[in-house]
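Here's a quick walk through one model, with an eye on its side-chain contacts. Have the structure open while you read.

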Amino acid sequence: MSVVDEVTAANERYASGFAKGALPMPPGRKFAVVTCMDARLDPAKFLGLEEGDAHVIRNAGGLVNDETIRSLVISHHLLGTEDAVVVGHTDCGMLTFTNEELQEKLGPEAEGIDFEPFPDVAERVRQSVEAIRGNPLLPDSFGATGFVYDVHTGQIDPV
Ligand SMILES: [Zn+2]
């Protein structure tokens with residue numbers, strides 16, 4: 001079964017019982033989640049989210065960088081969120097390589113690109129929280145809290 005067949009079949013099952021077509025655009029629980037793209041993490045499940053509840057911003061590492069700030073600014077100023085929850089996780093792939101290694105693997109086109117690997121998940125989450133708190137485009141009232149999710153237990157621990 002191809003990827004297209006798989007996702008189409010899954011969506012047919014989802015849409016067949018769909019009853020949430022009237023949800024408003026602003027997240028009902030007024031917060032945004034920033035987390036890693038890791039396939040083992042399902043933020044809707046481990047944070048108890050339903051459709052319409054929260055923004056979920058994902059990238060490799062769950063980093064708060066310029067692109068994440070762009071999304072958070074829109075999330076807060078246009079769609080009313082008041083808090084961000086940043087969730088890193090144990091055994092993150094971003095701990096497993098250096099810029100030099102990936103640049104070498106990719107060749108000359110990748111020279112000078114920062115893929116933003118990091119050596120310490122909790123420390124990187126702290127930096128992300130500080131990046132949100134210190135950003136001039138987000139007000140002091142916009143909350144930011146960091147956690148590390150343990151891929152072995154499913155638990156989140158505050159950092
Ligand atoms: Zn990760």
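## Salt bridges

This is a predicted model. Start with E116, which comes out partly exposed at 26% relative accessibility. Its side chain meets that of R124 in a salt bridge, 4.0 Å from N to O. R124, for its part, counts as buried with a relative accessibility of 13%. In general, side chains of opposite charge can pair when their charged atoms come close.

That pair is one piece of a wider set: the structure holds 10 salt bridges. Among them is a network that links K20, E50 and E51.

## R40 and its two partners

R40 is worth a click, since it shows up in two of these contacts. It forms a salt bridge with D38, where the closest N and O atoms are 2.8 Å apart, and another with D91, again with 2.8 Å between the closest N and O atoms. R40 sits in the loop between β1 and α2 (43-46), while D91 is in the loop between β3 and α4, so this contact ties together parts that are 51 residues apart in sequence.

How do the three score for accessibility? D38 is buried, at 13% relative accessible area. R40 is partly exposed at 41%, and D91 is partly exposed too, at 47%.

## The zinc site

Which protein atoms act as donors to the zinc ion? They are SG of C36, NE2 of H89 and SG of C92, and they lie 2.0 to 2.3 Å from the ion. Along the chain, the donors follow the spacing C-x52-H-x2-C. C36 and H89 link distant parts of the chain: C36 belongs to strand β1 (residues 31-36) and H89 to strand β3 (residues 83-89), 53 residues apart.

Both of those residues are tucked away from the probe. C36 is buried with a relative accessible area of 4%, and H89 is buried as well, with 1% relative accessibility.

## Helix α4, face by face

Now move to helix α4, residues 99-106, where N99, L102 and Q103 are buried. Seen down the axis of α4, the buried residues fall within an arc of 100°, so they line one face of the helix. The background is simple geometry: an α-helix has 3.6 residues a turn, so residues three or four places apart point the same way.

What's on the other side of α4? There you'll find E100, E104 and K105, which are exposed. Just after the helix comes G107, which takes a positive phi of about 95°.

Methods
Residues are numbered from 1 along each chain as its sequence is written. This is a predicted model: local features need pLDDT of at least 70, side-chain atom pairs count only at pLDDT 80 or more; totals for chains, interfaces and linings use all residues. Side-chain values use heavy atoms; hydrogens and water are left out. Buried means under 20% relative accessible area, exposed over 50%, partly exposed in between (1.4 Å probe, protein chains only). Helices (H or I, at least four residues) and strands (E, at least two) are DSSP runs, numbered from the N terminus. The arc is that of the directions from the helix axis to the C-beta atoms. Donors are N, O and S atoms within 2.8 Å of the metal (3.2 Å for Na, K and Ca); water is not among the atoms, so sites may look incomplete.
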